[in-house]
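Q: Please take a close look at the aromatic pairs in this model. Then say a little about its pocket lining.

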Amino acid sequence: FFEHFVAIVDAINTLDGTLVQSFALGHLEASPTMSYDGNTLYVGATNGDLYAYNLNSLTQKWWTPLPDGVKGFVWEDWTTPGRLYMATTAGDVRCLQDNGGSGSACTGWTVSNVAGASTPLPMDTVLYVGGSDGKVHQLRLSDGVDEKQFTVGSGAFAVGDVSTETLSEIFVPTTEGKLYKLPLPLP
């Protein structure tokens, strides 16, 4: 699977390169994300639509509208199948549960607003997300509470998508053009 800027997700036969199925979904900012069990493809559109596709039958499982566009990747929680985390263009960090036939808000989850939220990175019991406020925000996976913030560099530059290599640190880029390595847990 891959995406076009013309908002089509194509399923291609890897043996001969032929088109198997095509889905027109609206403008996409990031690549689709496959579930950990390999059975579902999650696609977030910038208009706020979130789609789930069955990869075995290449059919749509469900679709749900969100108040704002999905920004970046949709992450599935590796400890809770179907529990999805995402940021929106309005800065909301959301949790949805794939119930097989629908996507619904996670029980007990507070929608956290992080100005200019980057694509979130779930790790262990927390989720890290960069913000335009020059900080990395640490949200609890259990309820979405923004429990800790760390100012990156001078704090004058927006923080981009968070990544990790060993799970003992995170790497955070800023619009200043610098990449910072922060030890975990956050200071």
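A: The aromatic pairs come first, then the pocket.

This is a predicted model. The count comes to 3 aromatic pairs. One of them joins tyrosine 51 and tyrosine 53. Their ring centres are 6.1 Å apart, and the planes differ by 25°. Planes under 30 degrees apart count as stacked, and the pair of tyrosine 51 and tyrosine 53 is stacked. Tyrosine 51 and tyrosine 53 are both buried.

Another of the pairs is formed by tyrosine 85 and tryptophan 109. Here the centres lie 5.6 Å apart, with 50° between the planes. That makes the pair of tyrosine 85 and tryptophan 109 tilted. Tyrosine 85 sits in strand 9, residues 83-88. Tryptophan 109 sits in the loop between strand 11 (103-105) and strand 12 (112-113). The two parts are 24 residues apart in sequence, so the pair ties them together.

How buried are these two partners? The cut-off for buried is under 20% relative accessible area. Tyrosine 85 has 0% relative accessibility, so tyrosine 85 counts as buried. Tryptophan 109 has a relative accessible area of 10%, so tryptophan 109 is buried.

Now the pocket. The largest one has a volume of about 180 Å³. Its lining includes Trp78, Leu167, Leu184 and Pro185. Met123, Asp124, Thr125, Val126 and Tyr128 also line the largest pocket. By class, the lining residues divide into 7 nonpolar, 1 polar and 1 charged. Asp counts as charged, and Asp124 is in the lining.

Key:
Residues are numbered from 1 along each chain as its sequence is written. This is a predicted model: local features need pLDDT of at least 70, side-chain atom pairs count only at pLDDT 80 or more; totals for chains, interfaces and linings use all residues. Side-chain values use heavy atoms; hydrogens and water are left out. On a 1 Å grid over the protein atoms alone, a cavity is a set of points where a 1.4 Å probe fits but cannot get out, and a pocket is an open set with protein on both sides within 12 Å along at least five of seven lines; lining residues have an atom within 4 Å of a point. Grid points are joined across faces, edges and corners, and a volume is the space filled by probe spheres set on the points. Rings of Phe, Tyr and Trp (its six-membered ring) pair if their centres lie within 6.5 Å; planes under 30 degrees apart count as stacked, over 60 as edge-to-face and the rest as tilted. Buried means under 20% relative accessible area, exposed over 50%, partly exposed in between (1.4 Å probe, protein chains only). Helices (H or I, at least four residues) and strands (E, at least two) are DSSP runs, numbered from the N terminus.
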